[in-house]
Amino acid sequence: MKFFLDTANLEQIKEAVSWGVIEGVTTNPTLISKENMEFEELIKKICEIVPGPVSVEVISQEWKGMVEEAKKFAELAENVVIKIPMTVDGLKATRELSRKNIKVNMTLIFSPSQALLAAKAGASFISPFIGRLDDISTPGMNLIEDIITIFNNYMFDTEIIVASIRHPLHVVEAALLGAHIATMPFQVLEKLVNHPLTNIGLERFLKDWEKVKK
Ligand code: G3P
């Protein structure tokens, strides 16, 4: 399973990449708005730090505008992936961009039918938002299970980025289901490391080491 970081914060990205477990980054307008930096400069910097795909979201709502924005973003760095919302215009733009070999991550996916359409339009990635489904009392992980079944049935190459992850169990459940990628905030990545028994065990080892004749 690949791990992406769901942030546009350079410090967090640098730190997480230094752990050796991050293969990409996902951004969105909300995450970009939190950083006090010029948009294109920020994207270029992220793309330099991260070895793999960096998703950047278009703002246009009409497909030709989406394609134009996408072409500009794609020139910023080789590893830019274009985030396109799941709308009819988004599908048209995805088809057009995939013909031009520009990778698309279709975002704001909330149902298996939307995932199926995105794969058929040629999206390289899809982003189902599980936390936001959980927020409205709909089990987000059921969506991941359904999408995996559908993609396996028809051998789609589209990779599933489990998004809107809120806690470590989301990551573990997505991994148990076999999702390709989990994108998570830095705080969730940190929580994946921690276990109280690891801390207690380490403390005991260090204490006992003091008794060793040296
Ligand atoms: O990757 C999508 C993510 O940024 C949305 O997360 O927590 O706003 O639902 P959240």
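**Getting to know a predicted chain**

Biologist: Let's start with helix 1: what covers its buried residues?

Modeller: Welcome! Keep in mind that this is a predicted model. Helix 1 spans residues 10-18, and its buried residues have cover that includes strand 1, strand 2, helix 3 and helix 10 (186-193).

Biologist: Which residues of helix 1 are buried, and why do they line one face of the helix?

Modeller: The buried ones are Leu10, Ile13 and Ala16. Seen down the axis of helix 1, they line one face because they fall within an arc of 135°. That fits a general rule: residues three or four places apart in an α-helix point the same way, since a turn takes 3.6 residues. On the other side of helix 1, the exposed residues are Glu11 and Ser18.

Biologist: Thanks! Where do the buried residues of helix 3 sit around its axis, and what arc do they cover?

Modeller: In helix 3, which runs over residues 39-49, the buried residues are Leu42, Ile43, Ile46 and Cys47. They lie on the same side of helix 3, because the arc they cover around the axis is only 130°.

Biologist: And which elements do those buried residues of helix 3 pack against?

Modeller: Both helices and strands take part. The helices are helix 1, helix 2 (29-33) and helix 4 (63-76). The strands are strand 2 (24-26), strand 3 (54-57) and strand 4 (80-85).

Biologist: Is glycine 24 buried or exposed?

Modeller: Glycine 24 lies in strand 2. It touches Phe3, Phe4, Leu5, Val50, Gly52 and Pro53, leaving aside residues up to four places away in sequence. Its relative accessible area is 0% and the cut-off for buried is under 20%, so glycine 24 counts as buried.

Biologist: How do the residues of strand 8 point, and are they buried or exposed?

Modeller: As a general rule, side chains in a regular strand alternate between the two faces of the sheet. In strand 8 (residues 181-184), Ile181 and Thr183 point one way, while Ala182 and Met184 point the other way. As for their accessibility, all are buried.

Biologist: In which sense does strand 8 pair with strand 1, and which residue is the bridge partner of leucine 5?

Modeller: Strand 1 covers residues 2-6, and its pairing with strand 8 is parallel, over 4 bridges. Strand 7 (residues 159-162) also runs parallel to strand 8, joined by 2 bridges, with isoleucine 161 opposite isoleucine 181. Back on the strand 1 side, leucine 5 has as its bridge partner methionine 184.

Biologist: What is the phi of asparagine 101, and where does this residue sit?

Modeller: In general, most residues other than glycine have a negative phi. Asparagine 101 is not a glycine, yet its phi is positive, at about 60°. At 70% relative accessibility, this asparagine counts as exposed. Its place is the loop between helix 5 (88-99) and strand 5 (104-109).

Biologist: Serine 137 has a positive phi too; is this residue buried or exposed?

Modeller: Serine 137 is in the loop between helix 7 (130-135) and helix 8 (140-154), and its phi is about 60°. With a relative accessible area of 69% against a cut-off of over 50%, serine 137 is exposed.

Biologist: Finally, how many helices and strands does the chain have?

Modeller: The chain has 214 residues, of which 45% count as buried. Its C-alpha atoms fill a box of roughly 75 × 40 × 30 Å along the principal axes. The elements in the chain come to 11 helices and 8 strands.

Key. Residues numbered from 1 in each chain as written. Predicted model: local features only at pLDDT ≥ 70, side-chain atom pairs only at ≥ 80, totals over all residues. Heavy atoms only, no water. Buried < 20%, exposed > 50% of the residue type's maximum accessible area, 1.4 Å probe, protein only. Arc of directions from axis to C-beta. Contact = heavy atoms within 4.5 Å. Pairing = 2+ DSSP bridges.
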